[in-house]
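Me: I would like to learn how to read the way helices pack and how a pocket is lined. Could you take me through it slowly, one feature at a time?

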Number of protein chains: 2
Amino acid sequence: MYDLFFQKFNEKIALTAEEEALVKQYLTPKKLRRKQYLVQEGDVCKNICFVEKGALRAYVLDETGDEHITAFALEGWTLGDLSSFIKAEPATWNIDALEDCELVLISKQAYDELLQIMPKYETYIRLLMTDAYMALQRRTTYMISLPLEERYLAFTQMYPTLFQRVPQHMIASFMGLSAETLSRVRNRISNRK
Amino acid sequence: MYDLFFQKFNEKIALTAEEEALVKQYLTPKKLRRKQYLVQEGDVCKNICFVEKGALRAYVLDETGDEHITAFALEGWTLGDLSSFIKAEPATWNIDALEDCELVLISKQAYDELLQIMPKYETYIRLLMTDAYMALQRRTTYMISLPLEERYLAFTQMYPTLFQRVPQHMIASFMGLSAETLSRVRNRISNRK
DNA sequence: GAAAAACGTTGATTTTTGTCAACGGTTTTT
DNA sequence: AAAAACCGTTGACAAAAATCAACGTTTTTC
């Protein structure tokens, strides 16, 4: 149930069996069916979720009601509307399941308490935030500096599994493009080889 | 010399005078003249810098030699090529001073050691990363979901001081636009009021 | 198992943005 | 103090991307 969670945790910082048992007390498992919401815009995001199995996406709606995907999460990734979670403010993101999911949830209270009582948890979170921040910096750097075809190729290499698993119009949305434009970009790339 | 650094530190987590003195031993002051580099692409980014005074920018060069600004830093902000710093890999960013600067540097060795010996430093870094990550998420969400004029207004509110202090063609670059387009966006906004 | 919805692609057209050139007015350099 | 570089804007034009519509296929729903 928590296998992947602790595998990833231990990759960042090793835990003893006792420590794992302690952390486990603060976690809640949750199953989510395809198309179900984890968070809706306006709710406070009460949990951060770790994906044991399945796939999720986060998106925002614009004034014309169009969806813009801001993030994905596959097995081993962590997702939530972080600002809403940390500041206990209404979420601006919607998060729903693209496939049936098995998740590990950490509530805000559990998060705060673990940070207080367990230095290794703070180290884990520090490293998680650092990695997430570096990944997002890379994404934004590519966004503003690479021409479209190179950007698509770079993203493909950055997220190989994701691009196989998720419909292309969602990838387009994630990249800030229309589905048609992405289709044409892919066409140009395969023609030039 | 380190006034603003410790002011910001204490806003996140309070230090005693003794603790401040300890941290101070790990810091190095540095002055940078306008146009001087803190890091150049290809170097390993050996320090993260905190801005006591002045302004810096980070940028990448594309294949045609054009600059794309990825980040700015004003007084009280922290900047570096984080991936390069953490992984000791060659930097992909260039960082230079837009104005004469007074900086506080933390070397990788000092960073690692402080994290080891001082739990409050780890808390400080965790909060710094969390805040930086949330800010970057907001920026990228705006990037893909807001139409140009709203995006410009949102950025103006997000970084009011920055937009007054930095030339507009750099703001344009930061937003992934040409200088001419930004000029026209501003024009449309002032006409519609 | 049939109907409906979702998906990816293509073509025609419109809208948006970039590019190039020029300008007057700064600021910086020497 | 003069020369050079930089800055923001504008106009004319070219390039890129979005939009709209249609299509055959696949997947989901009931």
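Me: At roughly what angle do the axes of helix 6 and helix 9 of chain B cross?

Reply: Keep in mind that this is a predicted model. The axis of helix 6 (residues 148–158) of chain B comes within 10 Å of the axis of helix 9 (residues 179–192) of chain B, and the two cross at roughly 90°. Since angles of 65 to 115 degrees count as roughly perpendicular, helix 6 of chain B and helix 9 of chain B are therefore roughly perpendicular to each other.

Me: Which residues make that contact between helix 6 and helix 9 of chain B?

Reply: Helix 6 of chain B brings B:L148, B:E149, B:E150, B:Y152 and B:L153, while helix 9 of chain B brings B:T181, B:L182, B:V185, B:R186, B:R188, B:I189 and B:R192. Sorted by class, the residues of this contact of helix 6 with helix 9 of chain B are six nonpolar, one polar and five charged.

Me: Is helix 1 of chain B oblique or roughly perpendicular to helix 5 of chain B?

Reply: Begin with the angle once more: the axes of helix 1 of chain B and helix 5 of chain B come within 9 Å and cross at roughly 90°, which means that helix 1 of chain B is roughly perpendicular to helix 5 of chain B. On the side of helix 1 of chain B the contact is made by B:F5, B:F9 and B:K12, and on the side of helix 5 of chain B by B:K120, B:Y121, B:Y124, B:L127, B:L128 and B:D131. By class, this contact of helix 1 with helix 5 of chain B has six nonpolar, no polar and three charged residues.

Me: And how do helix 1 and helix 2 of chain B cross?

Reply: Their axes come within 12 Å and cross at roughly 125°, so helix 1 of chain B is oblique to helix 2 of chain B. The crossing of helix 1 of chain B past helix 2 of chain B is right-handed, and the contact joins B:F5, B:F6 and B:N10 of helix 1 to B:E20, B:V23 and B:K24 of helix 2.

Me: How is a pocket found, and what lines the second largest pocket?

Reply: Rolling a probe the size of a water molecule over the atoms shows where empty space is left. The second largest pocket has a volume of about 1200 Å³, and among its 42 lining residues B:W77, B:T78, B:D131, B:A132 and B:A135 lie nearest its centre. Helix 5 of chain B gives the most to this lining, with twelve residues, and by class the lining has 27 nonpolar, eight polar and seven charged residues.

Technical notes
Residues numbered from 1 in each chain as written. Chains lettered and ligands numbered in written order. Predicted model: local features only at pLDDT ≥ 70, side-chain atom pairs only at ≥ 80, totals over all residues. Heavy atoms only, no water. 1 Å grid on protein atoms, 1.4 Å probe; cavity = no way out; pocket = protein on both sides within 12 Å on 5 of 7 lines; lining within 4 Å. Points joined across faces, edges and corners; volume = space filled by probe spheres on them. Helix = DSSP H or I, 4+ residues; strand = E, 2+ residues; numbered from the N terminus. Nonpolar A, V, L, I, M, F, W, Y, C, P; charged D, E, K, R; others polar. Axes fitted to C-alpha atoms, helices over the stretch in contact; angles between N-to-C directions. Parallel < 35°, antiparallel > 145°, perpendicular 65-115°, else oblique. Left-handed = near helix turned anticlockwise from the far one by under 90°. Contact = heavy atoms within 4.5 Å.
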